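Please look over the sequence and the structure shown here before reading on. The briefing that follows takes up strands and sheets, helix packing, aromatic rings and one serine, in that order.

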Amino acid sequence: NNSVETKQSKLYTEFYKGFLLALKDVNERYNDNEINVYTYDTEGTTDKLMSILSIDEVKEMDLIFAPDVLEQLDSISSFSKSNGIYVVNTFSVKDENYDNNPYMFQINIPQDNMYADVCDWISKDFKDYEVVFIHKKGNAKKDIADNLKGYLEQERRTVKEVEYSSVLTCEELLEVVNVNEKTLFIPTSGTKASLSQMIPALKKLRDENPVMESAVVGYPEWAVYMEDWKQDFHTINAHFYSRVFVDEKAKDFEKFNSEYLKWYGEDLIESTPCFGYLGYDTGKYFLSEMCKNGKDFNQNSSEYVGLQSSFEFDRINSWSGFVNQALYLVHFTSNDKIEITIK
């Protein structure tokens, strides 16, 4: 009913468009299955949602893809438990209905699980590195940075910190690092401004000490900055983790982009995550699983590596729903390649 379509509206419409392309592909592969999709506009209000949930046909659904509003997710979770209907929470990272709803799928790995995986990754893959945190005076630190520092100190790892005022210098780094030892740098901020303040010093350190082995671990936001900083990421041996990452080498990547343009006459909106890919990945995974397993998600589900998302679902306890455990680890190698590992 808005006179001008909002960006949020465009993004969620793009998600639906991607989902429809997944429906088309799944229908072609499992053509003996009939898949019916019902779509409702909640209009962003809980009142409208409740009127939708009162429709008789909705109580007969096998699967519901929920909107992103936390209050609406609470209502849908209660509805799903009462009617035995599986629900997919694709958008909200903070929702915790999966904790006590056996019918809930949480697409995004929860923050605590993600932090634990990151700590484990750094502990194992950089076990013989001296760790140096880089912090700008007066700036708040990311929670993960403090968690990681505490975790490493518990493991009795050597942990140091460099604190700079405006722009980090190579001289400040040399005050705390031993160029003959392996060093892992971890910024305490993931902003674009902090990158611009740190990267020149990190590059100079490597240029002036070519025998030094060093790496830098950053944050999911770095995926957004790739266009501007990609070559620098290769130079400083950068790594970062993320819930999503667009794999342009995925076998369906070019096919999806051309199909999207063919059917909708437009390119995908630039956003992180890309909502078209998100719609395709979630649609393809869940619709395929329903066709393979006769709508029974309690059977062992398949691992899925998609255009942007990967899914590996587990119940975290005997009464919980399914939680995605997949996390992307991205490495910009010195030979200009991008290595993607899914933890």
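In this predicted model, strands S13 and S14 run antiparallel and are joined by five bridges. The two strands form a hairpin with five residues between them, and Asp-336, which lies in the turn, has a positive phi of about 65°. Across this pairing, Val-330 stands opposite Ile-340 in S14.

**Strand S13 and its other neighbour**

- On its other pairing, S13 (residues 328-332) is joined by four bridges to strand S8 (residues 238-242), and these two strands also run antiparallel.
- Within the pairing of S8 with S13, Phe-240 has Val-330 as its bridge partner, while Tyr-241 stands opposite Leu-329.
- Val-330 therefore takes part in both pairings, being the bridge partner of Phe-240 and standing opposite Ile-340 in S14.
- S13 is mostly covered, since five of its five residues are buried.
- The cover extends to both faces of S13: Tyr-328, Val-330 and Phe-332 are buried on one side, and Leu-329 and His-331 are buried on the other.

**The seven-stranded sheet**

- S13 and S14 belong to an open sheet of seven strands with mixed pairing, in which the order is S5-S4-S6-S7-S8-S13-S14.
- The edges of this sheet are formed by strand S5 (159-164) and strand S14 (338-342), each of which pairs on one side only.
- On average, and with direction ignored, neighbouring strands of this sheet are turned by 25° against each other.
- Helix H5 (residues 143-154) lies across strand S4 (130-136), S5, strand S6 (183-187) and S8, and runs at about 150° to S4.

**The five-stranded sheet**

- A further open sheet, again with mixed pairing, has five strands in the order S1-S2-S3-S12-S11.
- Strand S1 (63-65) and strand S11 (313-315) stand at the edges of this sheet, and because each has a single partner strand, one side of each is left without a neighbour in the sheet.
- For this sheet, the average turn of neighbouring strands against each other is 25°, direction ignored.
- S2 and S3 run parallel and are joined by three bridges; in this pairing, Asn-89 has Gln-106 of S3 as its bridge partner.
- Helix H3 (residues 70-83) packs on this sheet, where the helix touches S1, S2 and S3, and its direction makes about 160° with that of S2.

**Aromatic rings**

- The model contains 34 aromatic pairs.
- One of them is formed by Tyr-86 and Phe-105, whose rings lie 6.0 Å apart from centre to centre with 55° between the planes, a tilted arrangement.
- This pair links distant parts of the chain, given that Tyr-86 is in strand S2 (residues 86-89) and Phe-105 is in strand S3 (residues 104-106), 19 residues apart.
- Tyr-86 counts as buried because its relative accessibility is 9%, which is under the 20% limit, and Phe-105 is buried as well, with a relative accessible area of 2%.
- In the pair of Phe-256 and Tyr-260, the ring centres are 5.9 Å apart and the planes stand at 40°, so this pair is tilted.
- Both Phe-256 and Tyr-260 lie in helix H9 (residues 253-264), where they are four residues apart, or about one turn of the helix.
- Phe-256 is buried at a relative accessible area of 3%, and Tyr-260 likewise counts as buried at 1% relative accessibility.
- Ring pairs also link residues into a cluster, and among its members are Phe-19, Phe-65, Tyr-86, Tyr-103, Phe-105, Tyr-285 and Phe-322.
- A charge sits over a ring where the charged end of Lys-142 is placed 5.0 Å from the centre of the ring of Tyr-219.

**Ser-194**

- Ser-194 is located in helix H7 (residues 192-208), and this residue counts as buried because its relative accessibility is 5%, under the 20% limit.
- The side chain of Ser-194 reaches the backbone oxygen of Thr-191 at 2.7 Å.
- When residues up to four places away in sequence are not counted, Ser-194 touches Tyr-164 and Ser-189.

Conventions. Residues are numbered from 1 along each chain as its sequence is written. This is a predicted model: local features need pLDDT of at least 70, side-chain atom pairs count only at pLDDT 80 or more; totals for chains, interfaces and linings use all residues. Side-chain values use heavy atoms; hydrogens and water are left out. Rings of Phe, Tyr and Trp (its six-membered ring) pair if their centres lie within 6.5 Å; planes under 30 degrees apart count as stacked, over 60 as edge-to-face and the rest as tilted. Buried means under 20% relative accessible area, exposed over 50%, partly exposed in between (1.4 Å probe, protein chains only). A charge sits over a ring if NZ of Lys or CZ of Arg is within 6 Å of the ring centre and within 35 degrees of the ring normal. Two strands pair if DSSP finds at least two bridges between them. Axes are lines fitted to C-alpha atoms, for helices over the stretch in contact, and angles run from 0 to 180 degrees between N-to-C directions. Contact means heavy atoms within 4.5 Å. A polar contact is a pair of N or O atoms within 3.5 Å; within protein, one must be able to donate a hydrogen and the other to accept it, and residues adjacent in sequence count only if both atoms are side-chain atoms.
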